[in-house]
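Me: I keep running into labels like "buried" and "tilted" and never know where they come from. Can we go through some on a real example?

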Amino acid sequence: MGKGERTTATRSAREKIKEQQAAARARDRRKRAITYTAAGVTAVAAVGAGIWYGAGKYQSEEATAGLAPITVQPDGTVVMAQSGVEKPVLDVYEDFQCPACKEAERVSGQTIRNLAAEGKAKVVYHAITIFSQEPTRSNSLRAGNAARCVADGKQWMAFHDLLFENQPPENKEGFTNGQLIEWGKEAGVSAPGFEQCVNSGKNVQAQQSYSQKIMDEQKLTHTPTLKLNGKEVDNAVVFSPSELRDAVTKAAK
């Protein structure tokens with residue numbers, strides 16, 4: 001083979017090697033594309049399953065029965081329980097001005113009502129004022145005062161619900177006396193002294209004193225706080241109706 005022929009053969013070999021290398025790279029790219037696609041499908045499926053699981057976990061309950069008997073106590077606490085049910089005790093510490101309390105009520109409030117109605121728990125509501133800044137503190141005190149003006153249990157619960165539904169923003173004055181009186185009427189409050197009680201701030205001092213007392217005794221640092229037989233319920237459980245139901249049901253056994 002002459003020099004020219006060897007040069008041509010060498011070039012052909014190099015080109016052949018280049019073609020083989022290009023083909024190999026192409027195969028690798030196709031393999032990676034298939035792998036990524038499969039992984040993506042798996043991930044989407046996993047995320048979808050997670051969303052489904054989450055949706056079930058955080059699904060609010062529907063009302064399964066009427067309300068359990070509700071009684072307003074002299075200290076302003078409100079007990080909701082079937083006759084003879086003394087435990088487990090689920091204490092609910094909440095502030096009408098607290099956005100997280102409003103959300104907890106929206107998500108898990110019906111579960112708490114259902115558990116009481118089913119005789120699976122004695123529920124005790126503690127409406128406190130935890131805020132120290134304005135205007136939230138005064139908003140909370142006016143709402144707490146007005147709630148203490150309601151002596152009937154069913155009316156108190158209806159008023160409680162309206163307060164959370166109409167909760168003002170944290171940076172604005174709200175829960176005006178005029179609004180509170182209107183919502184009281186909407187809740188069915190017909191006691192002749194209600195309007196005067198709201199306007200005079202008759203229970204503001206009691207609201208302040210009880211709030212400080214209960215925050216000290218229970219070492220409360222935030223609202224909402226739920227305690228089951230005196231032990232604080234994790235916030236993740238508070239905002240998960242199914243987990244909250246499980247926790248209370250287990251405590252009842």
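Reply: Sure. Start with aromatic pairs: rings of Phe, Tyr and Trp (its six-membered ring) pair if their centres lie within 6.5 Å. This is a predicted model, and by that rule the count comes to four aromatic pairs.

Me: What makes F96 and F164 a tilted pair?

Reply: Their centres are 5.4 Å apart, with 55° between the planes. Planes under 30 degrees apart count as stacked and over 60 as edge-to-face, so 55° lands in the tilted group. F96 sits in the loop between β3 and α2, and F164 in helix α4, so the pair ties together parts 68 residues apart in sequence.

Me: How do you know whether F96 is buried or exposed?

Reply: Buried means under 20% relative accessible area. F96 has 2%, so F96 counts as buried, and F164, at 2%, is buried too.

Me: Why is the pair of Y125 and W156 called tilted?

Reply: Here the planes are 45° apart, with 5.7 Å centre to centre. That angle is neither under 30 nor over 60 degrees, so the pair is tilted. Y125 lies in strand β4 and W156 in helix α4, so this pair links parts 31 residues apart in sequence. Y125 is buried at 1%, and W156 is buried at 3%.

Me: Why are α2 and α9 called roughly parallel?

Reply: Their axes cross at roughly 30° and come within 9 Å. Angles under 35 degrees count as roughly parallel, so α2 and α9 get that label. Their crossing is right-handed.

Definitions and conventions
Residues are numbered from 1 along each chain as its sequence is written. This is a predicted model: local features need pLDDT of at least 70, side-chain atom pairs count only at pLDDT 80 or more; totals for chains, interfaces and linings use all residues. Side-chain values use heavy atoms; hydrogens and water are left out. Axes are lines fitted to C-alpha atoms, for helices over the stretch in contact, and angles run from 0 to 180 degrees between N-to-C directions. Helices (H or I, at least four residues) and strands (E, at least two) are DSSP runs, numbered from the N terminus. Angles under 35 degrees count as roughly parallel, over 145 as roughly antiparallel, 65 to 115 as roughly perpendicular and the rest as oblique. A crossing is left-handed if the near helix is turned anticlockwise from the far one by less than a right angle, and right-handed if clockwise. Buried means under 20% relative accessible area, exposed over 50%, partly exposed in between (1.4 Å probe, protein chains only).
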